[in-house]
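Please take me through this model stop by stop, telling me what to select next in the viewer and what is to be found at each selection.

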Amino acid sequence: MTDSKAFVEKTGIELRFSDTELEAYREHIVQFIADLVEDAGADGAVLGLSGGIDSTTIAYLAAEALGAENVHGLVLPSSVNPDADETDAEQVAETLGIEYDTIEIGPIVNAFVEAAPEHAAEDRMALGNVRVRTRGVLNYFVANAESRLVLGTGNRSEAATGYFTKYGDQAVDCNPIGNLYKCQVRQLARDLGVPDDLVTRTPTAAMWEGQTDEEEMGLSYDDLDAILALHVHGPLSKHATIETLDVPETAVDRVVELHETSAHKRSMPPAPEPL
Ligand SMILES: Nc1ncnc2c1ncn2[C@@H]1O[C@H](COP(=O)(O)OP(=O)(O)OC[C@H]2O[C@@H]([n+]3cccc(C(=O)O)c3)[C@H](O)[C@@H]2O)[C@@H](O)[C@H]1O
Ligand SMILES: Nc1ncnc2c1ncn2[C@@H]1O[C@H](COP(=O)(O)OP(=O)(O)OP(=O)(O)O)[C@@H](O)[C@H]1O
Ligand SMILES: [Mg+2]
């Protein structure tokens, strides 16, 4: 892929934030979280803490917006999560001084497997989605009980490709970084002071052992973000996108396919028109 300067020169599209834009976005998102919680009359927020870059960034933003005492983190590991992720998630909460609970979701997931063994045992995607949705149920259990809102951690790259579990990690009350591509989330995280090892960590949905986002999608986030910005959300044709980014045609086709087949995840469930 071309470097970011060449990218801007060729297209006029700026994917990476300038320092001024970064500060503006940071303030804008912090204010968004503060306003949303206040307008809802809620007593703060809850979020799932994975040790990954998205939830870590949201934790930092929420602590800034609401005060650490009004943020409740849930660390929800299962057997397929590396132990290091759990430790990192807890460390994020401790660094920020936010309340957190660590709850093993294995027994809950096992109850689903026992209830429907013919489906869950072999299908790693279906089972992975149960893990993700189980976390959503726990987030809302705590949010209901403590009059809090659930903060989502979805970013623009995931939303555009449907790279999330329907009614799982997307079952939230807001998406503060929902308009940022993954590369922009990394920029914001650095600006917030997130430790470098978390900023550069390989993104994973951790739905099964060894899963990584980039391997599953068949694309690097750098290419994905650029193809989205230029072609799917931007004005460039497929041909111009391939030329500008020096990516294979299959990469552009893949992103377009992911975008089109996931449209149902970005809208309310449809109903027939009234007669
Ligand atoms: N055209 C259509 N109109 C309406 N609904 C449609 C539909 N096609 C499928 N569906 C429904 O959608 C379901 C499939 O969607 P879903 O259940 O989400 O499952 P699916 O999209 O198959 O899998 C979730 C994907 O998101 C990734 N993920 C999940 C969670 C977290 C992260 C992460 O980055 O951390 C990534 C995961 O690795 C996987 O690639 C179908 O079972 C069906 O019920
Ligand atoms: N083990 C976990 N405990 C608590 N929440 C989790 C866990 N795993 C995932 N989640 C929640 O699901 C969200 C979606 O996962 P996703 O992998 O997209 O984000 P991330 O882990 O924060 O960052 P990355 O994409 O870089 O791995 C997380 O941000 C987090 O809120
Ligand atoms: Mg993750």
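Begin by selecting helix α3, residues 53-66, in what is a predicted model: 13 of its 14 residues are buried, so α3 is largely enclosed by the rest of the structure. From its first C-alpha to its last, α3 reaches 20 Å, close to the 20 Å expected at 1.5 Å a residue. Directly after α3, select Gly-67, whose phi is positive, near 90°.

Now extend the selection backwards to strand β1, residues 45-48, and forwards to strand β2, residues 71-75. β1 and β2 pair in the parallel sense over four bridges, and within that pairing Val-46 stands opposite His-72. The chain runs from β1 through α3 to β2, and this β-α-β crossover is right-handed. A further bridge to display is the one between Gly-48 and its partner in β2, Leu-74.

Stay on β2 and colour its residues by burial: five of its five residues are buried. Both faces are covered, with Val-71, Gly-73 and Val-75 buried on one side, and His-72 and Leu-74 buried on the other.

Next, add strand β3, residues 99-102, which pairs with β2 in the parallel sense over four bridges; here Leu-74 has Asp-101 as its bridge partner. To reach β3 from β2 the chain passes through helix α4, residues 83-96, in another β-α-β crossover that is right-handed.

With these strands on display, bring in the whole sheet, which is open and consists of four strands in the order β3-β2-β1-β4, with parallel pairing. β3 and β4 (149-150) stand at the edges, and because each has a single partner strand, one side of each is left without a neighbour in the sheet.

Now select ligand 2 together with the 21 residues around it, among which Gly-48, Gly-52, Ser-55, Thr-153 and Pro-203 come nearest. The elements that give two or more residues to this shell are β1, α3 and β2, and the largest share, three residues, comes from α3. Coloured by class, the shell around ligand 2 divides into 10 nonpolar, seven polar and four charged residues.

For comparison with the record, highlight the positions that UniProt, in an unreviewed entry, places under "binding site": Gly-48, Leu-49, Ser-50, Gly-51, Gly-52, Ile-53, Asp-54, Ser-55, Thr-153, Lys-182 and Thr-204. One of these, Ser-50, lies in the loop between β1 and α3. Is Ser-50 buried or exposed? With 25 C-beta neighbours inside 10 Å, Ser-50 counts as buried, because the cut-off for a buried residue is 20 or more.

Move on to ligand 1, which has 16 residues around it, with Val-132, Thr-165, Lys-166, Ala-205 and His-264 coming nearest. Two elements, α7 (124-146) and α11 (213-217), give two or more residues to this shell, and α7 gives the most, with three residues. By class, the shell around ligand 1 has six nonpolar, five polar and five charged residues.

Select α7 by itself for a closer look. Its 23 residues should span 33 Å at 1.5 Å a residue, and the end C-alpha atoms are 33 Å apart, which agrees. The buried residues to mark along α7 are Gly-128, Val-130, Arg-131, Val-132, Thr-134, Arg-135, Gly-136, Asn-139 and Ala-143. When viewing such a pattern, it helps to recall that an α-helix has 3.6 residues a turn, so residues three or four places apart point the same way. α7 is followed by Ser-147, whose phi is positive, near 50°.

For the last stop, highlight Arg-133, Lys-166, Asp-173, His-264 and Lys-265, which the unreviewed UniProt entry also lists for "binding site". Lys-166 is to be found in the loop between α8 (156-161) and α9 (182-192), where this residue is partly exposed, with 15 other C-beta atoms within 10 Å. His-264 lies in the segment after α14 (249-261). Since His-264 has 11 C-beta neighbours inside 10 Å, this residue counts as exposed, the cut-off for that class being 12 or fewer. Both Lys-166 and His-264 are among the residues that come nearest to ligand 1, so the tour can close with these two side chains and that ligand on display together.

Definitions and conventions: Residues numbered from 1 in each chain as written. Chains lettered and ligands numbered in written order. Predicted model: local features only at pLDDT ≥ 70, side-chain atom pairs only at ≥ 80, totals over all residues. Near = placed C-beta within 6 Å. Nonpolar A, V, L, I, M, F, W, Y, C, P; charged D, E, K, R; others polar. Pairing = 2+ DSSP bridges. Right-handed = clockwise from strand over helix to strand, strands pointing away. Expected span 1.5 Å × (residues − 1). UniProt positions renumbered as here; feature names shortened; annotations may be inferred.
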